[in-house]
Amino acid sequence: MNKIKTYLATTPYKNYSIEVASVDASFRKYYRLREGEKSFILMDSSLEKESLKPFVDVSQKLLHVRVNTPKILEQNLEDGFLILEDFGSTNLLGVLDENSFEIYYSQAIDVIIKMQEADTQDLPLYDKTFLHAEMDLMQEWYIEKLLHVSLTRKEKNLLENTLDAISEVVLEQPQGCFVHRDFHSRNIMLTPKNEFGIIDYQDAMSGAVMYDLVSLLKDCYISFEREAIEKLALEFRDKKGLHISDEEFLKWFDFMGLQRHIKVLGIFSRLSIRDGKDGYLKDIPLTLRYVLETASRYEETREFSGLLM
């Protein structure tokens, strides 16, 4: 806290009170600065300084296409601090229910389409190598380190062939789209003006058209009936103007979901084992359910679903 106070002493916010706002899955921390009715967010990336420049750069890209991101009011990239507009404490997860999710998701789909207008020229590519590097986290951290299971050579071959089949379908999709990478209910804020405010986009990449849609509609923290989710996915297709059959589009959607959720099984396990963040373990059952339900639908992945049961 001393280094935060030292930094704040050089800013117009030196006399503001400080309270913890949130801690995310990375080493970043967020504090709320208050003075009377005014409040702002201090992003402390002093343990992850390299993430600040991408955050600033991507902020500009998104603001350019009219996506509501927090205004950067002060920045000290050398020491790892930003002071940001405060979107408040209400995220989409806190308001989603059976009566509201279709309306909110439809509005969020419009945000995805806006984000996909952003410049991706200098963003890293979400290519086959990266897709597989992410999926490989599952075997190491979920299967071997969390479950303490050693795969046989036959099982390893099955896993390798399945991941190849998944990435092949993912790479069939239109590429070169802006990918937020964590566009889910915890990173979509409802601002005091009742608008969506988008956060946590510093890891953006250039990749498949489906990625953020899957993050939104197959959220690892909340789920709804598949029939309604399919309808919303097809709404995205129609708004986006993609000329493709329902069947093929939903396969794209499902295989992108498999890639993401296989990765997340590894990430949630790693957060617990390596970083001591055990709270993510409670989100593994829903993530695993997504994988099993989806994998069992397709010939290329059906045997793989049996491996995880």
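1. Let me start with the contact between helix 7 and helix 8. On the helix 7 side you'll find Arg226, Ile229, Glu230, Ala233, Leu234, Phe236 and Arg237, and they meet Asp246, Phe249, Leu250, Phe253 and Asp254 of helix 8. Sorted by class, the residues of this contact come out as 7 nonpolar, no polar and 5 charged. Bear in mind throughout that this is a predicted model.

2. On geometry, helix 7 covers residues 226-240 and helix 8 covers residues 246-273; their axes come within 10 Å and cross at roughly 105 degrees. Angles of 65 to 115 degrees count as roughly perpendicular, so helix 7 and helix 8 are roughly perpendicular to each other.

3. Next, helix 4 (residues 128-146) against helix 5 (residues 153-172). The axes of this pair are 10 Å apart, and the packing angle is about 140 degrees. Helix 4 and helix 5 are therefore oblique to each other, and helix 4 passes helix 5 in a right-handed crossing.

4. Who touches whom there? Helix 4 brings Lys128, Leu131, His132, Met135, Asp136, Met138 and Gln139, while helix 5 answers with Lys156, Leu159, Leu163, Asp164, Ile166, Ser167, Val170 and Leu171. The split for the contact of helix 4 with helix 5 is 8 nonpolar, 3 polar and 4 charged.

5. Helix 5 also packs on helix 8: the two axes come within 9 Å and cross at roughly 130 degrees. That angle makes helix 5 oblique to helix 8, and the crossing of these two is left-handed. From helix 5, the contact uses Leu163, Ala165, Ile166, Val169, Val170 and Glu172; from helix 8, Lys251, Trp252, Phe255, Met256, Leu258, Gln259 and Ile262. By class, the contact of helix 5 with helix 8 has 10 nonpolar, 1 polar and 2 charged residues.

6. A few helix 5 names are worth following on screen. Leu163, Ile166 and Val170 are among the residues that meet helix 4, and Leu163, Ile166 and Val170 also appear in the contact with helix 8.

7. Now the empty space. How many cavities of 30 Å³ or more does a search of the whole structure find? The search turns up 1, and about 40 Å³ of space lies in the largest cavity.

8. The lining of the largest cavity is Tyr126, Leu131, Val170, Leu171, Gln175, Gly207, Ala208, Tyr211 and Met256. By class, that is 7 nonpolar and 2 polar residues, with no charged ones. Some of these names come from the helix contacts above: Leu131 of helix 4 meets helix 5, as do Val170 and Leu171 from the helix 5 side, and Met256 is one of the helix 8 residues in the contact with helix 5.

Note on methods:
Residues numbered from 1 in each chain as written. Predicted model: local features only at pLDDT ≥ 70, side-chain atom pairs only at ≥ 80, totals over all residues. Heavy atoms only, no water. 1 Å grid on protein atoms, 1.4 Å probe; cavity = no way out; pocket = protein on both sides within 12 Å on 5 of 7 lines; lining within 4 Å. Points joined across faces, edges and corners; volume = space filled by probe spheres on them. Nonpolar A, V, L, I, M, F, W, Y, C, P; charged D, E, K, R; others polar. Axes fitted to C-alpha atoms, helices over the stretch in contact; angles between N-to-C directions. Helix = DSSP H or I, 4+ residues; strand = E, 2+ residues; numbered from the N terminus. Parallel < 35°, antiparallel > 145°, perpendicular 65-115°, else oblique. Contact = heavy atoms within 4.5 Å. Left-handed = near helix turned anticlockwise from the far one by under 90°.
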